[in-house]
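Hi,

Here is the structure I promised to pass on. Have a look at it first, and my notes follow underneath.

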Amino acid sequence: MRYQSNVTFYRSDGQILSLNQHPWAVLTVKGIDFPEYEVFTEKKGLGDGSFILGKRKESRQVELTAIVKQISEDEYRNQRFKAINFFDGSYTFNVEFQRLGKTRLLKSAELMSANFPSSWYQENPQLQLCFISPFSNLFFENAQTVNLGSTTKMWHNVRFYSPNHKLVFSSRKQTNDAIIKYEGTVPTYLNIAIQASGYVKGFKVTVCENSAKINTSLNAGDALRIDKYRVYKNDELIDYNDFSMSELLSIALKPGENYIQFSTDVGDSYTADIQFSTEYGGI
């Protein structure tokens, strides 16, 4: 089976350009395999070698080249004009790579450099592009959402019902745990949105063996949002003394199955939405 390789650019103003549709052809792509690492070292005072203090993944830089296939000179001019106007450094780009049967996304990329020589079209001048993303990993399309707790509307007949029974308009299904099968190759952090329908105090979120506790209370209509290492109550940051930063950073999804559980000190009148992006070290 022959896999198709495609590169599509999504500009931040909604414009889209594919460099794989006729008459374009992508020649080379560099930087979508492995991330680059920065290793921090300190020389030993005595003896050989160094101390390894830590490392981190660098922001991802991707370079690619493409050509316009042999076409008429007028069509070449049109395509060149289209490319020069599309790749404008005033915008950011999401770049989608389809390769070897996989789809990966470079998010929020800035255009570092672009070059398209103004030579004669029959010399096949190459469009050369270089992008840098603030993220070290590649992503899979859009974020995924898992809902814990939901309200179901119930059908009813307003003319025939027993006076000894209540008329049911809706029912609430409460769940406090879930198993998420995460298909990424590197851990990903969670965005959690909690909506209270009654009084609730003291939230604890557990992912596998790691837990994070948030010491706050909610009344009906209040919302709590966890965004990696920030926590908001009704869109306002809560005090850092009410939670542990290291605990929040520990509740990340790892490749494979992840057991997630919610618990509270008081009350269970809430629903929770868990959102996450699938991340990969490369393609």
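**Strands, then a tyrosine**

Strands β16 (residues 191-196) and β19 (residues 223-227) run antiparallel and are joined by five bridges. One facing pair to look for is N191 opposite D227 in β19. Strands here are DSSP runs (E, at least two residues) and helices are H or I runs of at least four, both numbered from the N terminus; two strands pair if DSSP finds at least two bridges between them.

Before you go further: this is a predicted model, where local features need pLDDT of at least 70 and side-chain atom pairs count only at pLDDT 80 or more, while totals for chains, interfaces and linings use all residues. Residues are numbered from 1 along each chain as its sequence is written, and side-chain values use heavy atoms, with hydrogens and water left out.

Those two strands belong to an open, antiparallel sheet of six, in the order β11-β24-β16-β19-β20-β21. At its edges are β11 (144-148) and β21, each pairing on one side only.

There is also an open sheet of four strands, β14-β23-β17-β18, again with antiparallel pairing. Its edge strands, β14 (177-182) and β18 (210-218), have a single partner each, so one side of each has no neighbour in the sheet. Within this sheet, β17 (residues 200-207) pairs with β18 over seven bridges in the antiparallel sense, and V205 has A212 in β18 as its bridge partner.

Now for the tyrosine. Y240 sits in the loop between β21 (236-237) and α2 (245-250). Is Y240 buried or exposed? Neither: at 46% relative accessibility it counts as partly exposed, a class that lies between buried (under 20% relative accessible area) and exposed (over 50%), using a 1.4 Å probe and protein chains only.

Y240 also belongs to a nonpolar surface patch with Y189, Y229, L237, M245 and L249, with about 530 Å² of accessible area together. Patch members have over 30% relative accessible area and no salt bridge, and nonpolar side chains are joined within 5 Å (like charges within 9 Å). A salt bridge means a Lys or Arg side-chain nitrogen within 4 Å of an Asp or Glu carboxyl oxygen, and areas come from the Shrake-Rupley method with a 1.4 Å probe, counting only the protein chains shown as cover for residues.

Last, the rings: the whole structure has 13 aromatic pairs. In one, the ring centres of Y240 and F243 are 5.5 Å apart with planes at 50°, so the pair is tilted. Rings of Phe, Tyr and Trp (its six-membered ring) pair with centres within 6.5 Å; planes under 30 degrees apart are stacked, over 60 edge-to-face, and the rest tilted. F243 counts as buried, at 9% relative accessibility.

Cheers
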